[in-house]
Amino acid sequence: MSRIRADRIVDRAATGAPLFPNGAVVTGVATATTFSGNATTATTATTATTATNAQGLTGTPDITVRNITGVAATFTGVLTYEDVTNIDSIGIVTARTGVKVLAGGVNVVGGGITATGIGTFYSGLNTEDILAEEVNVTAGKLSDNVNIDVENGMVHLFTTAESTTSTPNIRYNGSTALNAKMSIGQSVVVTLITTANASAYSANMTIDGGAQTERWIGGSAPDAGGSAGVDIHSFTIIKTADATFTVIGNHSKTS
C-alpha cells in the first residue's frame, strides 16, 4: 500500500484543486469549508451549523431546532410540545391527562360538550335555552326498589301505584357510598315521585344504609299519601362532616 504525506495537494499547474474522476474514499474525518454539488445520502450528522435546504432527510437521531416552518407535518408517534400559541385541528384532539385553559376560556361553536366524568365549575354556571335533567323511570313501586342510586339521576319516578310505606336508601350506587362522592359543605337534592296511594308514603329515609334525622318542611313527617296523581318526596342532603348529613325533607301531594 502506498502512502502520500503532504501538507497540500494541488493540480499539476498548482493553480487549482486536483481531480478525483474515480471518486475518493475517506475512512476518517473530512473537513470542508463548503460543499458544492449533490449530496444524496447522509447517514449520520452529529452537528449541523448551517442548513439552507433539506431533502430526503431520514434517520433515527434526535433533532433539536429553534423554529420549524412548513406547510404540513405528519407524525406517526407522540408529538410533545410546549408554549404553542394556536392549534387549528380539523379532526379529533385527544388529551390523556386533561386540558387546562389559563385565559380566554373555551368556546365551542358546534357539537356541544360531552363529559363522562364529573364537571366542576368554580365561578358559577350560566346556561341558555333548555336545561334538561336526567330522570330515572322505574316500572315498579318505591317500596320494591328502595335503593336509590343517584348515579342514575337525581329525580326518580315510579310508575306503579304504591301499596305501603317505605324507607328509601339514598346512595351513589351499589358499590360506592354517597358519602364518598360528596365533600363537606356540598349538598344534593333527590326527588322521589311515586304513584299515589293514601296508605303509601315515606316518613323516613337512610343514606348509605344509615338512619337520618329528617327535618320536614311544615314541622312534621308525612303520615298519609295522596289520593290521586303522584306523591313527591324531596330530600335536600347537606354533608356537614364525614358520613354526617343534615337532611331537609318535603312531601307534596298532587291531584
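**Reading strands, burial and backbone angles**

Guide: Let's start in the sheet: strand 3 and strand 5 pair in the parallel sense, over 5 bridges. Keep in mind that this is a predicted model.

Visitor: What holds the strands of a sheet together?

Guide: Strands in a sheet pair through backbone hydrogen bonds, and the pairing can be parallel or antiparallel. Here, you can pick out a single match in the strand 3 and strand 5 pair: His 156 has Leu 192 of strand 5 as its bridge partner.

Visitor: How many bridges join strand 1 to strand 3?

Guide: There are 4 bridges between strand 1 and strand 3, and these two run parallel. To see where they meet, find Val 135, which stands opposite Val 155 in strand 3.

Visitor: And how do strand 9 and strand 10 run, parallel or antiparallel?

Guide: Those run antiparallel: strand 9 covers residues 230-241, strand 10 covers residues 244-253, and 10 bridges join them. A good spot to look at is Phe 235, which sits opposite Gly 249 in strand 10.

Visitor: In what order do the strands of the sheet line up?

Guide: Walk across the sheet and you read 1-3-5-9-10-8, so to speak a list of neighbours; it is an open sheet of 6 strands with mixed pairing. Its edges are strand 1 and strand 8 (214-216), each of which pairs on one side only. From one strand to the next, the twist averages 20°.

Visitor: Let's zoom in on one residue. Is Thr 191 buried or exposed?

Guide: The trick is to compare its relative accessible area with a cut-off: under 20% means buried, over 50% means exposed, and partly exposed lies in between. Thr 191 comes out at 16%, so it is buried. You'll find Thr 191 in strand 5 (residues 187-195).

Visitor: Which residues does Thr 191 touch?

Guide: Leaving out residues up to four places away in sequence, Thr 191 touches Met 154, Val 155, His 156, Ile 232, His 233 and Ser 234.

Visitor: What about Tyr 201: where does it sit?

Guide: Tyr 201 is in the loop between strand 5 and strand 6. Its relative accessibility is 21%, so Tyr 201 counts as partly exposed. With residues up to four places away in sequence left out, its contacts include Thr 164, Pro 222, Gly 225 and His 233. You can also compare positions along the chain with positions in space: Tyr 201 and Ala 177 are 24 residues apart along the chain, and their C-alpha atoms are separated by 25 Å.

Visitor: Now for backbone angles. What is unusual to look for in the phi of Ala 14?

Guide: Look at the sign, and at whether the residue is a glycine. Ala 14 isn't one, yet its phi is positive, about 60°. Ala 14 lies in the segment before strand 1 (135-138), and its 54% relative accessibility makes it count as exposed.

Visitor: Which value does the phi of Asp 208 take?

Guide: Asp 208, also a residue other than glycine, has a positive phi near 55°. Asp 208 belongs to the loop between strand 6 (206-207) and strand 7 (210-211). At 30% relative accessibility, Asp 208 counts as partly exposed.

Visitor: One more: which residues make the nonpolar surface patch?

Guide: Five names to find: Phe 75, Leu 79, Tyr 81, Val 84 and Ile 87 make a patch of about 510 Å². Take Leu 79 as your example; it is found in the segment before strand 1, and at 45% relative accessibility it counts as partly exposed.

Methods. Residues numbered from 1 in each chain as written. Predicted model: local features only at pLDDT ≥ 70, side-chain atom pairs only at ≥ 80, totals over all residues. Heavy atoms only, no water. Buried < 20%, exposed > 50% of the residue type's maximum accessible area, 1.4 Å probe, protein only. Pairing = 2+ DSSP bridges. Axes fitted to C-alpha atoms, helices over the stretch in contact; angles between N-to-C directions. Patch = residues over 30% accessible without salt bridge, like charges linked within 9 Å, V, L, I, M, F, W, Y side chains within 5 Å. Areas by Shrake-Rupley, 256 points an atom, 1.4 Å probe, with all protein chains shown as cover. Salt bridge = Lys/Arg side-chain N within 4 Å of Asp/Glu carboxyl O. Contact = heavy atoms within 4.5 Å.
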